[in-house]
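Here is a short report on how the parts of this structure meet. Look over the sequence and the model before reading on.

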Amino acid sequence: METPKLNAERIKKYIEHEKRFDGRALDEFREIVVETGISKNAEGSARVKIGKTEVLVGVKMDVTTPYPDSPDKGNLMVGAELTPLSSPRFESGPPKFPAIETGRIIDRIVRESKFIEMEKLCIKEGEKVWNVMIDIYSLNDDGNLLDAAGIGAIAALSASKIPKYDEEKEKVLFGEWSNKNIPLSKEVPVSITLYKIGSKFIVDPSLEEEDISEAKITIGRKGDYISSMQKGDLKPLTIQEMHQAIEVSERVYNDVLKKIEKQLK
Amino acid sequence: MSEKNQRKVVIPGEVLAKGNEYLPGEGTERRGSEIISLKYGLFEDSNKLIKVIPLSGVYQPRRGNVVIGKVENITFNGWVINIGTAETAFISIMEIPRFVNKNELESVMDIGEMVVAKIWSINKRGIDLSLKSRGLGKIDEGIILAINSNRVPRVIGKEGSMIKLIKDETGCEITVGQNGLIWIKGDSIEKELHAKRAILFVAEHSFLSGLTEELKKWFDENRK
Amino acid sequence: MTKESKSKFERPDGRETDEMRPMTAKVGIIPNADGSAMFSFGDTIAYAAVYGPKVMHPQHSQNPEKGTLRCNYSMLSFSVTERARPGPNRRSTEISKIMEWALEPVLIIDEFKSMVVDVHVNIIQANASTRCAAINAAAMALAHAGIPMKDLVSSVSIGKLDKQLVVDVSKKEEDWEEGEGATDIPITMTHEGELTHIQLDGKISGEQLREALEMARKATQEIYEVQKKALKESIG
């Protein structure tokens with residue numbers, strides 16, 4: 001059921017008083033559970049649950065030719081599917097905008113934060129490099145699939161082993177793995193999406209809250225730096241609000257990182 | 001919660017009773033001398049009438065049901081209402097208990113607004129709803145909650161005992177639509193949310209017998 | 001089959017010829033769905049979600065005489081060793097249809113005119129027999145969704161490796177090359193023993209196929225018990 005206007009009014013009024021229907025603070029996440037190694041044939045995989053929202057993320061690799069503008073670096077591809085399995089609102093068929101947006105946003109968080117050390121994924125400059133493919137699938141949508149997808153991508157990459165490669169035959173031995181992990185930076189990027197409801201920002205919206213939000217902004221951080229950002233939906237933000245968003249995202253980034261870091265090992 | 005007050009769960013195709021003295025009730029059929037389940041749900045034997053009480057499945061509209069729906073569209077002579085059924089439901093201006101100006105239908109009920117209505121006819125064209133009874137009409141304040149329609153009887157309870165308990169404990173006005181939508185209105189959001197949580201507790205524990213007692217315990221543990 | 005011939009044949013994972021891989025089943029894994037279930041044979045894992053009965057879109061696909069079952073089988077890209085391209089292909093389209101044929105005979109959906117019951121299945125991890133796991137999960141999810149049904153169905157693959165019949169084929173066995181190679185026979189049966197689906201790839205005598213059917217009958221009874229237990233335990 002789409003959120004009725006009645007509930008929307010109540011939720012907005014409550015949020016103006018800095019209260020939420022499920023009792024959380026405005027900048028508080030639901031419980032986050034990260035589980036890696038959920039699919040054996042993947043180079044790495046993860047299941048992320050935020051409350052009842054759930055995503056599965058897997059990493060596969062193969063060897064291809066590098067892009068002309070980065071002859072000594074590996075390639076990255078990120079795709080997301082909002083599966084009809086996960087919500088009555090998602091239909092079968094070619095991907096619609098929210099799925100494409102999810103893939104694009106997660107791509108940038110991983111790429112721009114330089115989480116993967118791409119130069120270490122070069123096999124032969126200008127000829128052969130590793131291609132890292134991250135696929136995200138929604139399993140149950142109860143709000144905030146976007147941040148769940150980001151955490152899932154990071155967790156799956158952290159758990160990935162590079163497949164064996166036969167250098168003589170120049171062939172990947174699919175289903176056999178080396179003991180090497182995908183080379184990653186020490187610091188972990190996480191994206192936090194802030195949703196504007198009335199005059200307030202909240203994080204980790206329930207489905208009802210996501211429905212009534214008028215603007216959102218995803219901020220990808222790694223350590224002290226912001227490396228990717230995207231504002232979505234129609235409502236403009238003031239500069240004041242941007243200051244606030246930057247501040248909230250930093251605090252929440254540290255909170256979320258603490259929650260997931262233990263589970264990433 | 002103890003196992004003894006958990007009712008017996010049966011699955012489709014399961015033999016529920018053997019012998020010609022048993023009669024097949026809702027959710028069952030006779031095959032030879034056996035009564036077979038056609039649904040997933042709770043087993044019930046009342047004087048050899050065998051039934052399966054489903055806990056899942058879509059809402060099956062029945063004449064006389066009070067339902068809650070959302071205005072989806074406005075036509076020249078009424079409102080198209082979504083009550084969660086495959087057939088569309090309709091309120092004609094003839095079924096409003098007062099005079100309505102045909103040019104101002106949206107001032108009575110606008111798209112996106114919620115309404116409590118009664119089913120007065122189900123026919124090939126769809127479902128006809130009426131507002132001509134007490135307690136029916138547009139909802140202007142409160143929150144709407146959705147549960148599976150098969151759990152509505154438990155939320156209402158025997159002769160309305162369960163819903164009365166929730167109303168008394170929370171001080172909210174509550175209207176339960178047979179289609180699983182529930183309207184809660186209280187004098188504070190806290191009270192409405194308290195009532196919402198109580199209803200969800202009942203809906204999630206529909207498989208227990210002695211549920212009224214369990215709910216009383218729940219209220220004791222969750223009193224503010 | 002004599003004891004002697006049974007002990008002579010060695011399966012790659014050490015199972016007896018009539019031994020299934022460990023099975024797990026669970027109901028209610030997707031809270032948003034009207035019904036949902038997971039089913040696994042060893043490393044093959046299927047998730048199923050049911051939505052409906054609901055109005056069929058597009059409208060031209062509506063059947064005014066009875067309800068429609070619509071299955072949608074797909075493999076996650078990373079469920080196999082060599083990444084599967086996302087999106088439908090000939091194989092998944094065929095399996096989706098096979099699932100409809102395997103499941104619809106036990107459904108009582110005539111009264112849901114112009115409506116559709118959608119079953120979405122994702123293979124999370126694949127090690128052969130994915131369509132069987134998909135059907136088993138789907139049957140449970142349909143029951144869980146409260147769809148009226150005459151019975152459950154259970155599905156298993158019978159393999160012929162060289163000359164030996166085995167139950168619940170794994171990936172290594174599917175790729176068997178010795179002797180007569182591998183014959184794969186996925187079969188779906190109701191609990192009552194009616195056959196709603198059979199396919200076969202390979203080479204087998206009529207006599208041995210009869211034997212394979214007996215094996216499937218026994219195996220599907222075992223699967224049924226797992227499905228039944230999961231449904232009974234999951235109430236809530």
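## Domains and contacts

The centres of domain 2 of chain B and domain 3 of chain B, taken over C-alpha atoms, lie 26 Å apart. This is a predicted model. Chain B is divided into domain 1 (3-54), domain 2 (66-138) and domain 3 (143-221).

Domains 2 and 3 of chain B touch. Eight residues of domain 2 of chain B are in contact with eight residues of domain 3 of chain B. On the domain 2 side, strand S8 (66-75) and strand S11 (114-123) of chain B each supply at least two residues. S8(B) gives the largest share of that side, three residues. The domain 2 side holds six nonpolar residues, two polar and no charged.

Next come the contacts between chains. In the contact of chain B with chain C, 15 residues come from chain B and 23 residues from chain C. Chain A meets chain C as well: 28 residues of chain A are in contact with 22 residues of chain C. Four strands of chain A each supply at least two residues of the side that touches chain C. They are strand S3 (53-64), strand S4 (75-81), strand S6 (128-140) and strand S8 (171-181).

The table sets out the residue classes on each side.

| Side | Nonpolar | Polar | Charged |
|---|---|---|---|
| Domain 2 of chain B, touching domain 3 of chain B | six residues | two residues | no residues |
| Chain B, touching chain C | nine residues | four residues | two residues |
| Chain A, touching chain C | ten residues | eleven residues | seven residues |

How values were computed
Residues numbered from 1 in each chain as written. Chains lettered and ligands numbered in written order. Predicted model: local features only at pLDDT ≥ 70, side-chain atom pairs only at ≥ 80, totals over all residues. Domains from an automatic or database assignment. Contact = placed C-beta atoms within 7 Å. Nonpolar A, V, L, I, M, F, W, Y, C, P; charged D, E, K, R; others polar.
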